[in-house]
Amino acid sequence: MAGGTVTEARRERWWQNGPPLRSLEEAQEYIEDVDISLLFGGGAARYPSLREASRDESLPRLPSGWGPDLEAMWTWKDTLPVQGRAWLGRYLSGKQTLLSTQLLADLYEFEGKEDDVLSATGLSEEADRLAGLLLDEGPMPTRALRDAVGATGKRFDQVMTELGRRLLITNYGVEEGPGWASCVIELTARVFSVPSHGSRAERDARAAARFVDTMIEAKPAAVCRAFGWTRERATASLKS
């Protein structure tokens, strides 16, 4: 398939050529269909994007770019994980990513208990501390986590990405406060039913098949980048 043809096929597959999303229910339907989506994707069609699927240029917009469509999307991304409709966290390229509950369950590497964080190996000291706080205290806003963990700015983002890539934590709504609202973080296993049934190989095959269906076409290297797998694991999953 020629490059331009793939791009157009992806835009169609990613709900970017049809009517913009109008409701929380449509947003959930979109996530369940594409399985994996950036929150903001921009014009380049690398992955699906909730922003692009909900963009409505017919609506009025402030000079900053804010408009009713973006405001609605902002509400959906906070509501979906709280209601257990979609996982949200730093996953694809360390950016905010939505996963369908089905893909999340196939990708999840642990037993599905709230203390899964205790069995996670290779975590940095700050990531281990943050996960332990959530285990002991329950969901916490990021402003409190920053103070408790002792990591701020770029380092705190790295810690969130580290735990997000392992799918151990999820965004869980927001807490209002002075200035901007603070994102609340919770353990994935306390919000979603994980993992899915079957052997690791069977779950890998299902996850890879979902990814290929969404991407139209995907080589092992693309699966490696998206899921953080080794090339051998990605190749085996695509052959299953």
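Q: What makes strand 6 largely enclosed by the rest of the structure?
A: In this predicted model, six of the six residues of strand 6 are buried. A residue counts as buried under 20% relative accessible area, so strand 6, with six of its six residues in that class, is largely enclosed by the rest of the structure.

Q: Why is Glu 186 counted as buried?
A: Glu 186 lies in strand 6, and its relative accessibility is 6%. The limit for a buried residue is under 20%, so Glu 186 counts as buried.

Q: Which residues does Glu 186 touch, not counting residues up to four places away in sequence?
A: Glu 186 touches Leu 134, Gly 138, Pro 139, Leu 168, Ile 169, Thr 170, Tyr 172 and Val 191. For one of these residues, Ile 169, the C-alpha atom is separated from that of Glu 186 by 5.6 Å, although the two residues are 17 apart along the chain.

Q: How do you know that strand 4 and strand 6 pair?
A: Two strands pair if at least two bridges are found between them. Strand 4 is joined to strand 6 (residues 182–187) by two bridges, and the two strands run antiparallel. Met 140 is opposite Ile 185 of strand 6, and Pro 141 has Val 184 as its bridge partner in that strand.

Q: How many bridges support the pairing of strand 5 and strand 6?
A: Strand 5 and strand 6 pair over five bridges in the antiparallel sense, and pairing needs at least two. In strand 6, Leu 187 is the bridge partner of Ile 169.

Q: Why are strand 4 and strand 5 said to stand at the edges of their sheet?
A: The open sheet is formed by three strands in the order 4-6-5, with antiparallel pairing. Strand 4 (140–141) and strand 5 (169–175) each have a single partner strand, so one side of each is left without a neighbour in the sheet.

Q: What is the strand order of the open sheet that contains strands 1, 2 and 3?
A: Three strands form this open sheet in the order 1-3-2, and the pairing is antiparallel. Strand 1 and strand 2 each have a single partner strand, so they stand at the edges, and one side of each lacks a neighbour in the sheet. On average, neighbouring strands of this sheet are turned by 25° against each other, direction ignored.

Q: How do you know that strand 3 pairs with strand 1 and with strand 2?
A: The requirement is at least two bridges. Strand 1 (residues 36–38) is joined to strand 3 by three bridges, and strand 2 (residues 86–90) by five; both pairs run antiparallel. From strand 3, Leu 99 is the bridge partner of Ile 36, Leu 98 that of Ser 37, and Ser 100 stands opposite Ala 86. The hairpin of strand 2 and strand 3 has five residues between the strands, and Ser 93 in this hairpin takes a positive phi near 55°.

Q: What makes strand 3 largely enclosed?
A: Four of the five residues of strand 3 (residues 96–100) are buried, so the strand is largely enclosed by the rest of the structure.

Q: Why are the buried residues of helix 2 said to line one face of the helix?
A: The buried residues of helix 2 (residues 24–34) are Leu 24, Ala 27, Gln 28, Tyr 30, Ile 31 and Val 34. Seen down the axis of helix 2, they fall within an arc of 155°, so they line one face. Asp 35 follows helix 2 and has a positive phi, near 75°.

Q: Why are helix 2 and helix 4 called roughly perpendicular?
A: The two helices, the second of which covers residues 68–82, pack at an angle of about 70°, with their axes 10 Å apart. Angles of 65 to 115 degrees count as roughly perpendicular, and helix 2 and helix 4 are therefore described in that way. The crossing of helix 2 and helix 4 is right-handed. Where they meet, Leu 24, Ala 27 and Gln 28 of helix 2 face Trp 76, Thr 79 and Leu 80 of helix 4.

Q: How do you know that Glu 52 is buried?
A: Glu 52, in helix 3 (residues 50–54), has a relative accessible area of 18%. The limit is under 20%, so Glu 52 is buried. Leaving aside neighbours within four places in sequence, Glu 52 is in contact with Gln 16 and Gly 42.

Conventions. Residues numbered from 1 in each chain as written. Predicted model: local features only at pLDDT ≥ 70, side-chain atom pairs only at ≥ 80, totals over all residues. Heavy atoms only, no water. Buried < 20%, exposed > 50% of the residue type's maximum accessible area, 1.4 Å probe, protein only. Arc of directions from axis to C-beta. Contact = heavy atoms within 4.5 Å. Axes fitted to C-alpha atoms, helices over the stretch in contact; angles between N-to-C directions. Parallel < 35°, antiparallel > 145°, perpendicular 65-115°, else oblique. Left-handed = near helix turned anticlockwise from the far one by under 90°.
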